[in-house]
Amino acid sequence: MIDLKKYKYAIKNLPEGIVEAEIDAELQISTLIRFKNDQILEALASNVIELFVRVSGEKTGYAYTQDLTEDARTILLRAYNNSLEIEREGRDILNIPVYETDFCCNTNTHAAVADISKMKTAAQSLEKTIFNANKHITSVLAEIGINTFSSRVINSLDLDVSSIRNVYYASVDVMAEYEGTQHNTSYSTTATALDELNFNVLKEKVELNLVHQLNATGIVTGKYPALLDSSVGVNIMMTAWQLFSGMKYCDGSSVLSGKLGNIIGSSSFTLLDTPAHEHTGYHFEFDCEGTPSKKNILVNSGKLVGLMHNIASASKQNTKSTGNAGRYALLSGTIPTDIIITPNICYIQKGRKNVSELLNEMGDGIYITESYDVFHSINIGSGEFTIPCRGVIIKEGKKHHPVTEITICGNLLDLFKNISDAGNDLVIENFLRKSYCVGSPSLLIKKLQINGK
Amino acid sequence: MLSSDKTESILKTALSSGGDFAEVFFESKDELNIKCSEKVISGITTTRISGTGIYVLSGTKSVYVYTNTLSFMKLIKLAKQAAELIKIIGCHKLDLKNIVFFMQKPTNPNKFEIYPSSVSYQDKINVIHETDAAARGASPSVRQLNVDYFDSEQNIVIANSEGLYSGDYRVISRLRLQATVGNDSYSQYGWGEFTRPQGFEAFRIKSDYINFSKTFIKNLSMSLNAVTAPSCSVPVVFESGSCGAFWHETCGHQLEASSISRNSSNFAGMIGQKVASEKVTLIDDGTISSLYGSAAIDDEGHRTQKNILIENGILKGYLCDRLGGRKLNMPSTGSGRRQGYTYAPTARMSNTYLAAGTDDNEEMIRSIDKGLYVKRIGGGTGGREFSLAVSEGYWIKNGQIDHRVKGLVLNGRGIDVIKRVDRVGKNLQKEGGSFCGAASGLCTVTSFQPRMRISCMAVGGEE
């Protein structure tokens, strides 16, 4: 548990003018190695603690520090001084105490100790496994790391919650040469223990990603039946989760504003936000305001039934926070200090069929295998998207040949309504400094605008 | 800041198990963010960043460790951790010699007059309210508007085992607008930034930020009437100024040492060869005054410099940091950059621009029967294949700019597209700058150019 003794004392003895105070402390301890040609090329290790402070007199002010030599009372006063210029009426609402028994997934009690020799052995095995994926591979940069994230939120209302999670991760950056042309791909996975990292999943993905790049051609622009690979679904969700932010819903900047209770997708489209999931090593016990994270159904068989809220947005909607107060916005300063709304693990529910069965179901169409540009391709106000992609032409359910330099475009609301089935291959990835996760299975789309050359 | 003796002890400790080079990077940074949401000041946050990174190299192997606990004893402990890691990596131990520091204090090309920290909140809040009012007055279609004010003062000190002891003080100020505009049936979200490598004097000329906010909202509102472009392959004209992002994404990232040494770039091994149209001369220069990507030194203490990357279509060089340079057997180009101490340095762009050419701006459009005119790029991604989001684009019809188009993302292979540059205008125009996010975090950059044309690009659109 992060030692906040001097801050606890300070919030028990608040300086004059301050009536409430909260400290959100976050500690990240990381170790990673990068491995290539049977040797470690790079090693990184870090240990950084951050304190996010908010205090209220009549209004609320904020401060952030990494300078642990700064006096606790001084930090509180710095935040208080910031509150004096606030024009917004009222002050932030702080959480009342919650109990650890509310937490559903806190399985770690202490920070894991990085064992470099075991990490090296794992990296050796990973490099070897990936080389076996495809004979055209010329180099593999394997990365094995462990990240321990501890967090503790205390406030002057006696809230004191803490959690710790250890996440191991593996990633590969692969180069291949095929008939004189260079190709590259990368992929990553996470687990709660080093020996639970599944390198075969990485191998399969790398193999497919490379094969899908070889001898790619263009396509004729048109509307096609399409299967979006799980990685493409994840890419879309990295931006699209914002549509379900209670804050954006309230201020009218989400295309879903005003549509709560309406059908916004097909019956195959169910979206959830949960504190933990078997497909990822990440888990989230409480948010940065200390609200416990809970399972929240956002879209149930196409119907918009829920939103993600922090205390402020929930208060505007006369509801309760869903434990989604976060700080890492897609657009932020270099240090994201605002309390906004972010997911925990936000994912599209998987179906029953595997990719082969979905391709068979599609018959003729395009399998969109890879997409890029997370940040600029989706407008959350209009729902419009234009996403650069690669893919494979499918004829009678079989892969015919790869295509590249294509874009998929349309409106997310149409896309959600055109989901005819979801695969059983749910993938969950962490995002934005590992502060949350998004996930998707492969998605079968009845018709999708695809632009080619 | 630590004394020379203590700094030397840290560096020697870091090298005690092996390695041929060690560096210590100290950073302290204060930032202010004032948030205006729906016309009222809704949040003020002061941010204090403070930490140290220790970097040890042995040939082309590296160790980077960092922390924000800054006592001398804690830093010695951190240096020991670096030494343990370098030992595990398997590096040779060298005889340690005394380090004699030579102080360097190069002048930052970005002069600032008014420390942001010396200005009252009220003066900054006035700027925000003026910006907000100007933006709302620019169009009745504004549904939601947030204005953020940011300023930042970063102090860095770098000392290394070669005796370098240098530092830099960097100040930036910016406004960010996030808005949703709409009509009865349709809405659009957008954001824009007014960025300056200056102190509070950035807001001395009121018309600068007022005009910026008005133009931002007017452009976003006009996008409500934009139509989808047809799908076809046509000439594309990129306007002067910030459309230089084209170069950042199509080839800039691929010219960074990390891409070249990993062989994930189509430009690897091509120095001396023709890689672009002869009209293309591409430069990255961190020394230009009053530009967002400029600095006195890079984040390894190397003086920034002008680097010619492509000259008349011939590839001349790459952007190198110290480690990247070692991997490529090239010297550093003063391009080792990082957001702060939580990142190891790596080669990054600074101010990247296409040199002015000789072509006529008007002819560039007049000679097109059917094509696309890109006035603003809203961001993109680089790599072997790039993508560029067109945030303001117009259809060209019979040599004239016609109607506004929407929803365009241009993509392709950079090394193919830059061979099709068939016009480069005479007037090089700079831009305000933005952040580039990559392996070593968010770095301030500019990307600019004169008006330029690609003879043919796939655009689309619908059938």
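**Exercise 1. Which strand of chain B pairs with strand S2 (residues 39–56) of chain A, and in which sense?**

Solution.
- Strand S2 (residues 39–56) of chain A pairs with strand S3 (residues 61–67) of chain B.
- The sense is parallel, and the pairing runs over 6 bridges.
- For one position in this pairing, take A:Leu44: B:Tyr64 in S3(B) stands opposite.
- Keep in mind that this is a predicted model.

**Exercise 2. How many residues of each chain are in contact, and what area is buried between chain B and chain A?**

Solution.
- Start with the residues: 77 of chain B are in contact with 67 of chain A.
- Next, the area: about 6100 Å² is buried between the two chains.
- Carbon and sulfur atoms give 49% of that area.
- Now look at single residues of chain B. B:Arg48, B:Asn68 and B:Glu385 supply 11% of the area that chain B buries against chain A, more than any other three residues.

**Exercise 3. Find the salt bridge partner of B:Arg48, then count the polar links across the interface.**

Solution.
- The side chain of B:Arg48 meets that of A:Glu70.
- The N to O distance is 3.1 Å. The cut-off is 4 Å, so the pair counts as a salt bridge.
- Across the interface of chain B and chain A there are 5 salt bridges.
- Polar contacts link 42 residue pairs there, both residues at pLDDT 80 or more.
- Strand S2 (residues 40–58) of chain B gives the largest share of the side that touches chain A, with 11 residues.
- Sort that side of chain B by class: 25 residues are nonpolar, 36 polar and 16 charged.

Key:
Residues numbered from 1 in each chain as written. Chains lettered and ligands numbered in written order. Predicted model: local features only at pLDDT ≥ 70, side-chain atom pairs only at ≥ 80, totals over all residues. Heavy atoms only, no water. Contact = heavy atoms within 4.5 Å. Buried area = accessible area lost by both parts, 1.4 Å probe. Polar contact = N/O pair within 3.5 Å; in protein donor to acceptor, adjacent residues only side chain to side chain. Helix = DSSP H or I, 4+ residues; strand = E, 2+ residues; numbered from the N terminus. Nonpolar A, V, L, I, M, F, W, Y, C, P; charged D, E, K, R; others polar. Pairing = 2+ DSSP bridges.
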